[in-house]
Amino acid sequence: MRRAESLEAAAIRDLENRTLASLDGELAKLVYLASTRDYNTGKYRHEGMARTFTSQAAEEALRRCHERAFRAVAAFSLADLTKEIETYARATGNDFEKVLEAWRLLESYSILIPAGCGVTAKHTFISNVMLALTAQRVAAQHQQDPCVPSAPQLL
Amino acid sequence: MPGRVMKPRMPSLGFADGWGCVETMIGLLPFLGVAAALLIMLVVAARRSRGNPIRDEPARLPERALMDQILSQGDEAFIKSLRSAELHRLFVRERRRLALEWLNEMLQEARRLMASHGQAARQSPDLSLWAELRVASEYALFLGVYGTVFGLVWLFGPFRMRGMLGAVGSLAGVFEVLGNRITSSAGAAEHSAAAI
């Protein structure tokens, strides 16, 4: 029991110090951690970590770090979340506008939520990301044409 | 008598002869069957309710911090700073929906806790009428405040009702205490049952 816990703690440290430390921003960490989860089974997989530790310790470490990253992003204010989304979209290396458009159309951010999250917490996260994406577009339109006072088309 | 046709007898409630008694018993069989089935269902339900792990279900009220985030003045100021009436309308609509959802989650949990409490009270050997009345009055107060706040948030939106939503949050604290009391009393009951 104690060995399993220490393996899990070591796996978390390894994940934080090596993989997550190289990612820019909390949102990038959240996207990475959510991507290690199998959509069909809901289990987390990481071959390298499973070899170094055990598959059970790796799964538990990924699950805990995913929950932690989600709590961090979910606690952002709308202004901070808007900045974080911009930082992430630029860091992907793809066309900035296309990344944001894909997020708006596909609502891919809904798969970032870990299992066991409360219903209202889940819906608050989805609503906040949607509002942040819309706010980013409004702000961009203001920058393009500062004379336009308000009411650009939303969504 | 030759040629006499034996007519089938109608069921009779009289016990004039042996055949009548058997007929009556046959007529009662469906009722006896239903009664036996009901008895079995009652026994199964009683065993199930005795075996329910109340201790394993602590209070899971929605977090107060989540409501603070939904009502955040900083978020409202940020949206206003973008000077878009449409975005502001969307923001208020979303936050109203989330505030109502938070309230609904709170109600569901309060109902679950009351059901667990009722179950625990029925099994408790030292039931206190005074304590039960107090819990019932707390629940009635919660439902009253909840209904008022829900209606006001629905009508006027969450931002004008910040203070009242705080009142619901405080009442939720009462239910958290109740939930903990239920779980600890269930644990104590199991302990004493094990000791016996």
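A residue counts as buried if 20 or more other C-beta atoms lie within 10 Å of its own, as exposed if 12 or fewer do, and as partly exposed in between. Keep that handy for the exercises below, and remember that this is a predicted model.

**Exercise 1. Two residues with positive phi**

Find the loop that holds B:Arg83 and decide how exposed the residue is.

*Solution.* Start with the location: B:Arg83 sits in the loop between helix H3 (73-81) and H4 of chain B. Next, count neighbours. There are 14 C-beta neighbours inside 10 Å, so B:Arg83 counts as partly exposed. Now check the backbone: phi is positive, about 50°, although B:Arg83 is not a glycine. For background, most residues other than glycine have a negative phi.

Now do the same for A:Glu107 in chain A.

*Solution.* A:Glu107 belongs to the loop between helix H6 (96-106) and H7 of chain A. Its 13 C-beta neighbours inside 10 Å put A:Glu107 in the partly exposed class. A:Glu107 is not a glycine either, yet has a positive phi of about 50°.

**Exercise 2. A glycine in a helix**

Is B:Gly144 buried or exposed?

*Solution.* First place the residue: B:Gly144 is part of helix H5 (residues 129-156) of chain B. Then count: B:Gly144 has 11 other C-beta atoms within 10 Å, so it is exposed. As an extra, try a distance to B:Leu61. The two residues are 83 apart along the chain, and their C-alpha atoms are separated by 18 Å.

**Exercise 3. Chain B in outline**

Describe the fold of chain B by its elements, its burial and its contacts.

*Solution.* Chain B has six helices and zero strands, so you can read the order from the N terminus as α-α-α-α-α-α. For burial, 20% of the 196 residues of chain B make the cut. Finally, take the contacts in chain B with a separation of 6 or more: 75% of them are between residues 24 or more positions apart.

**Exercise 4. Where the chains meet**

Work out which parts of chain A touch chain B, and how the helices involved are oriented.

*Solution.* Begin with the head count: chain A puts 20 residues into the contact and chain B puts in 22 residues. On the chain A side, helix H5 (78-91) and H7 each supply at least two residues. H7(A) gives the largest share, 11 residues. By type, the chain A side splits into 12 nonpolar, eight polar and no charged residues.

Now zoom in on one helix pair. Helix H7 (residues 119-144) of chain A packs with helix H4 (residues 85-123) of chain B at an angle of about 175°, and the axes are 10 Å apart. Angles over 145 degrees count as roughly antiparallel, and that is why H7(A) and H4(B) get this label. On the H7(A) side, the residues that meet H4(B) include A:His123, A:Leu131 and A:Val138. Among their partners in H4(B) are B:Phe91, B:Trp102 and B:Glu105. Residues of this helix-helix contact divide into nine nonpolar, five polar and three charged.

**Exercise 5. How far to trust chain A**

Which element of chain A has the lowest mean pLDDT, and which stretch stays under 50?

*Solution.* Take the whole chain to begin with: the mean pLDDT of chain A is 90, with 92% of its residues at 70 or more. Among the elements, helix H1 (residues 2-19) has the lowest mean, 87, and helix H2 (residues 26-35) the highest, 96. The stretch is residues 151-155, where pLDDT stays under 50 and the model has 11 contacts beyond four places in sequence. Where pLDDT is low, the predicted coordinates should not be read in detail.

Note on methods. Residues numbered from 1 in each chain as written. Chains lettered and ligands numbered in written order. Predicted model: local features only at pLDDT ≥ 70, side-chain atom pairs only at ≥ 80, totals over all residues. Helix = DSSP H or I, 4+ residues; strand = E, 2+ residues; numbered from the N terminus. Contact = placed C-beta atoms within 7 Å. Axes fitted to C-alpha atoms, helices over the stretch in contact; angles between N-to-C directions. Parallel < 35°, antiparallel > 145°, perpendicular 65-115°, else oblique. Nonpolar A, V, L, I, M, F, W, Y, C, P; charged D, E, K, R; others polar. pLDDT = per-residue confidence, 0-100.
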